[in-house]
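Visitor: Hi, I'm new to this one. Could you show it to me and walk me through its empty spaces?

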Amino acid sequence: MSPETVQRLVDNLFRHQWGQLVATLTRILGDFDLAEEVVQEALLKALRIWPYRGIPDNPRAWLVTAARNRALDQLRHFSIHQKKADELTQSLRLLADACPTPRLSELMADDQLKLLFLCCHPSLSPDSLLPLTLKLLGGLGNDEIARALLIQPSTAAQRIVRAKRRLRQQEPDFDLTPAKTRQRREAVLKVLYLMFNEGYAASGGDSLVRSDLCREALRLAILVADHAVAACAEADALVALMSLQSARLPQRLDAGGGLLLLQTQDRSEWDAESLKTGFERLEKATRGKRISEYHLQAAIAAEHASAPTFEATDWCRIALLYDDLLAMTGSPLVALNRAVAVAHSRGAASALPLLDSLGEAPELKDYYLLPATRARFLSAMGRRDEAAECFRRAIELPCNEAEKRFLRKCLAEAEGTVAGD
Amino acid sequence: MAQFLLLLHEKPETFAQISPAQMQQVIEKYRAWHEKLATEQKLVDGRKLTDDVGRVLRPSDSEPLVTDGPYSETKEVIGGFFVVEATDYDAACTLASDCPHLAYGGNIEVREVDPA
């Protein structure tokens with residue numbers, strides 16, 4: 001069997017095809033529920049047939065054709081005007097015919113961007129936007145979305161159903177004007193930022209990193225940043241941030257699936273290509289005069305990325321960037337990260353008081369990193385018993401399995417039951 | 001070398017709520033199984049049957065009776081079949097034992113094809 005035939009199934013083909021086909025069929029059919037149903041049926045057909053006949057030579061083309069045929073079938077059940085039916089049939093035929101060409105990829109990318117902007121309707125909350133986007137654009141199943149967002153599958157399903165219903169009411173025509181595009185840019189970037197964060201440190205389940213979510217968010221962010229109307233400095237800054245952080249993905253986990261801290265990561269293993277893209281985009285993003293949250297976060301990521309070792313990191317500069325970020329956002333989470341930077345630049349004793357007021361913040365009430373950070377400061381100051389107490393509190397709070405394992409290790413060190421590092 | 005028919009029985013609800021990523025995992029397992037058989041040159045044919053209940057003909061006094069098949073209360077249907085080459089039943093069963101179909105809750109009926 002030739003090497004080409006051996007691996008015809010590209011990584012995440014089904015998920016990517018889902019995302020692309022739903023977007024394109026939504027445009028053609030004007031109905032995302034129908035589009036989803038059609039695509040699901042096409043994928044299921046592959047699932048039933050390929051085991052017997054083997055993987056087809058061009059799996060992507062097969063899936064596009066199957067979806068196209070299914071959509072044509074469905075059209076027959078609609079009592080629509082003959083002219084409209086003819087138009088739709090024509091669009092659908094063009095879809096499969098265009099399949100081998102790169103033009104189709106371009107068209108599908110446009111369709112995905114359009115669907116992304118349509119989904120980010122002002123009346124939808126981030127709570128429902130994120131599951132909706134993960135489903136329609138990311139091709140994730142309900143279970144996967146539920147695990148990513150630390151909610152029940154039924155909750156994920158409900159939020160998606162409600163979001164779709166609202167969207168159908170508010171946006172029946174799927175008409176995306178340049179004005180709407182500019183209006184929704186901020187929401188779109190926010191959703192992509194959340195999606196990336198989910199992938200970078202998946203809230204639930206066993207894997208700390210879901211690099212496919214990160215890749216998806218980055219891919220869509222690049223589409224936004226390069227789009228004629230949607231492009232803006234904030235989008236470039238977000239792409240910079242995502243690229244710089246993605247570079248570290250190969251080193252986030254060790255061979256056993258355990259969490260590798262920044263100080264122990266092998267920097268030579270960071271993805272040079274991603275870093276290069278990140279620096280280039282950051283440079284582009286800072287040409288104008290507008291500075292956004294994403295600019296500052298990207299600048300912080302750039303500081304880490306350009307330091308040859310952990311010890312050589314310019315923590316003073318990072319702390320200053322966090323000062324600006326805190327002034328801009330007032331976010332307690334940012335304040336927490338700032339405290340960590342202060343600890344590195346001025347010592348744990350200076351940073352510890354910064355954590356005191358954060359205990360009141362509702363956003364951090366159940367956030368394990370607050371007690372965990374306190375514990376690390378106390379450890380560094382030699383106050384091991386108090387550190388152990390804080391680690392214990394951190395372990396009780398919701399977090400990922402990989403992070404829990406790491407915390408237990410820290411606790412054991414603080415209690416002196418394991419030799420420290 | 002003898003030939004054996006593998007009949008793949010399955011319940012229709014399998015894969016009802018499956019996500020694209022999960023589908024890909026399933027197909028990847030089949031791909032690997034296929035590749036193994038093909039490399040060993042043991043796979044003669046593999047076909048999926050269409051997703052309908054088919055028909056059953058029964059003898060009667062006059063014309064044969066044609067009904068929707070197979071039997072009214074079955075929850076299992078035959079999804080498809082493979083024809084494989086193996087030396088004997090033991091070898092055929094070993095070959096079928098890592099077919100992903102089993103991992104997803106289906107049964108595989110193995111019958112030797114009479115060469116006569």
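Guide: Here is a short chat about cavities, a pocket and one loop residue; keep in mind that this is a predicted model.

Visitor: Okay, how many cavities of 30 Å³ or more turn up in the whole structure?
Guide: The search finds two. The largest cavity holds about 60 Å³ of space, and the second largest about 30 Å³.

Visitor: Which element gives the most to the lining of the largest cavity?
Guide: That's α6(A), with four residues. Among the lining residues are A:Asp111, A:Lys114 and A:Phe174. By class, the lining has four nonpolar, one polar and three charged residues.

Visitor: And what about the lining of the second largest cavity, how does it divide?
Guide: Into one nonpolar, five polar and three charged residues. α2(A) has the largest share there, with four residues. The lining includes A:His16, A:Gln112 and A:Glu216.

Visitor: Switching to pockets: how much space lies in the second largest one?
Guide: About 960 Å³. It has 40 lining residues, and the closest to its centre are A:Arg48, B:Glu10, B:Lys48, B:Asp51 and B:Val77. Elements giving two or more residues to this lining are α3 and α4 of chain A, plus β1 and β5 of chain B.

Visitor: Which of those gives the most?
Guide: α3(A), with nine residues.

Visitor: Last thing, where does B:Gln41 sit?
Guide: B:Gln41 is in the loop between α1 and β2 of chain B. Its phi is positive, about 55°, although it is not a glycine.

Visitor: Is B:Gln41 buried or exposed?
Guide: B:Gln41 has 67% relative accessibility, so it counts as exposed; the cut-off for that is over 50%.

Terms used
Residues are numbered from 1 along each chain as its sequence is written. Chains are lettered from A and ligands numbered from 1 in the order in which they are written. This is a predicted model: local features need pLDDT of at least 70, side-chain atom pairs count only at pLDDT 80 or more; totals for chains, interfaces and linings use all residues. Side-chain values use heavy atoms; hydrogens and water are left out. On a 1 Å grid over the protein atoms alone, a cavity is a set of points where a 1.4 Å probe fits but cannot get out, and a pocket is an open set with protein on both sides within 12 Å along at least five of seven lines; lining residues have an atom within 4 Å of a point. Grid points are joined across faces, edges and corners, and a volume is the space filled by probe spheres set on the points. Buried means under 20% relative accessible area, exposed over 50%, partly exposed in between (1.4 Å probe, protein chains only). Ala, Val, Leu, Ile, Met, Phe, Trp, Tyr, Cys and Pro count as nonpolar, Asp, Glu, Lys and Arg as charged, and the others, Gly among them, as polar.
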